[in-house]
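Student: I am new to this structure and should like to understand the terms used to describe it. May we go through them one by one?

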Amino acid sequence: MRGILTDDKAQQIMSDFKPYYDLHGMNAKYLYTNALQAAAFYHFSDMDGNWNGLTVSDVFGNEEIKIGYVNGWLNTSQNMVKVFIVLSFVIILLIASIFFGEYSGVDNIILTSRYGKTNCATAKVMASLISAIFITLLVVAFNLTFAFLVYGNEGLDCSILFALIEFSEGYIPFNIICGTLLKYQILLAFLSAIGVTGITLILSAVCKNQMIVFVVSATLHVIPMVLPISETNALYRVIVLSPLYYSQYISIMSVEQKKNGMLYAVWAIPVAIILAIVGSLISHRVFAKHQVS
């Protein structure tokens, strides 16, 4: 059963999958026969598996909810969160050593030439940003290709709101389709990549120890996520604009939806670009001024 969710469809699903056996006190909302039944029971079932009397408008307001099999792509999205978080630390590790070799006196001949340090710094900054973007592109391409081979495009045009309890409670509380969800997530993954690159470039140019660069960069990366700031605090809107929240993506996408349908998460675009530009300029300037041994 696919298409726009109506009261008749909701009640038909409840009737088709009504349990005819003793649940022994188990809440029927946690029953699972298939994805459609589980989603319907989560929203429209009472304790015993009977229709709870709520209409579609009672549950979802005036939103038009398109239903279908969304579990595959939502599972893909959840798995990519873990992948993108690990990826952000991999990028930090790779960029941490970008200026390290030059401080050891390996390339003194190049660095003492007229434009040696400035050209070398420019090349390293560009290589860092390109590498971060390219690695992210490969990871995204692999995950999406695998998902398409397994699920096809089924569910990409369906609402994320009509899903299992495990998704409904942890996902974005706005009526967007799976395809839109993935577009935001992938965009945020690239923004995370260039954001952490900008921060790590500064530390790599300032510090002369690769391990210190990695530890400090990783610590700065994690700190915003562990700060004891509630979602109702005004500072929360600032905190979620840090790169690790881009990789985790659910929190920043849950903040707000504008009247035009855009999510608060779009503010990550200018923030990440500023981090990349500032990081590139500062690291370039610091490295170009260092004294060659």
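Tutor: Let us begin with a definition: a residue is buried if its relative accessible area is under 20%, exposed if over 50%, and partly exposed in between (1.4 Å probe, protein chains only). Please note that this is a predicted model, in which local features need pLDDT of at least 70 and side-chain atom pairs count only at pLDDT 80 or more, while totals for chains, interfaces and linings use all residues. Residues are numbered from 1 along each chain as its sequence is written, and side-chain values use heavy atoms, with hydrogens and water left out.

Student: Why is Glu256 called partly exposed?

Tutor: The relative accessible area of Glu256 is 23%. Partly exposed covers the values between 20% and 50%, so Glu256 belongs there.

Student: What makes Glu256 and Arg237 a salt bridge?

Tutor: A salt bridge requires a side-chain nitrogen of Lys or Arg within 4 Å of a carboxyl oxygen of Asp or Glu. In the pair of Arg237 and Glu256, the closest N and O atoms are 3.0 Å apart, which meets the rule. Arg237 lies in helix H11 (residues 236-239) and Glu256 in the loop between helix H13 (250-253) and helix H14 (268-289), so the bridge ties together parts that are 19 residues apart in sequence. Helices (H or I, at least four residues) and strands (E, at least two) are DSSP runs, numbered from the N terminus.

Student: How do you know that Arg237, Glu256 and Lys258 are linked in a network?

Tutor: Glu256 also meets Lys258 in a salt bridge, at 3.4 Å from N to O. Glu256 therefore takes part in both bridges, and the three residues are linked. Arg237 is partly exposed at 34% relative accessibility, and Lys258 is likewise partly exposed at 34%.

Student: What makes the contact of Arg237 with Tyr264 a charge over a ring?

Tutor: The rule asks for NZ of Lys or CZ of Arg within 6 Å of the ring centre and within 35 degrees of the ring normal. The charged end of Arg237 sits over the ring of Tyr264, 5.2 Å from its centre.

Student: How many salt bridges are there by this rule, and which residue pairs with Asp157?

Tutor: The count comes to three. Asp157 pairs with Lys66, their closest N and O atoms being 2.6 Å apart. Asp157 lies in the loop between H7 and helix H8 (165-168), and Lys66 in strand S2 (residues 66-67), so the pair ties together parts that are 91 residues apart in sequence. Asp157 is partly exposed at 30%, as is Lys66 at 28%.

Student: Why is the pair of Trp73 and Phe148 called edge-to-face?

Tutor: Rings of Phe, Tyr and Trp (its six-membered ring) pair if their centres lie within 6.5 Å; planes under 30 degrees apart count as stacked, over 60 as edge-to-face and the rest as tilted. The centres of Trp73 and Phe148 are 4.9 Å apart and their planes stand at 70°, so the pair is edge-to-face. Trp73 lies in helix H4 (residues 71-96) and Phe148 in helix H7 (residues 116-151), so the pair ties together parts that are 75 residues apart in sequence.

Student: What makes the pair of Trp73 and Tyr151 tilted?

Tutor: The centres of Trp73 and Tyr151 are 6.3 Å apart, with 55° between the planes. That angle is neither under 30 nor over 60 degrees, so the pair is tilted. Trp73, Phe148 and Tyr151 form one aromatic cluster.

Student: Is Trp73 buried or exposed?

Tutor: Trp73 has a relative accessible area of 1% and is therefore buried. Phe148, at 42%, is partly exposed, and so is Tyr151, at 26%.

Student: How do you know that the protein chain is more spread out than a compact globule?

Tutor: The chain has 14 helices and two strands. Its radius of gyration is 24 Å, well over the 19 Å that the globule rule gives for 293 residues, so the chain is more spread out than a compact globule. The radius is taken over C-alpha atoms, and the rule is 2.2 Å times the number of residues to the power 0.38. The C-alpha atoms fill a box of roughly 80 × 40 × 40 Å, taken along the principal axes.
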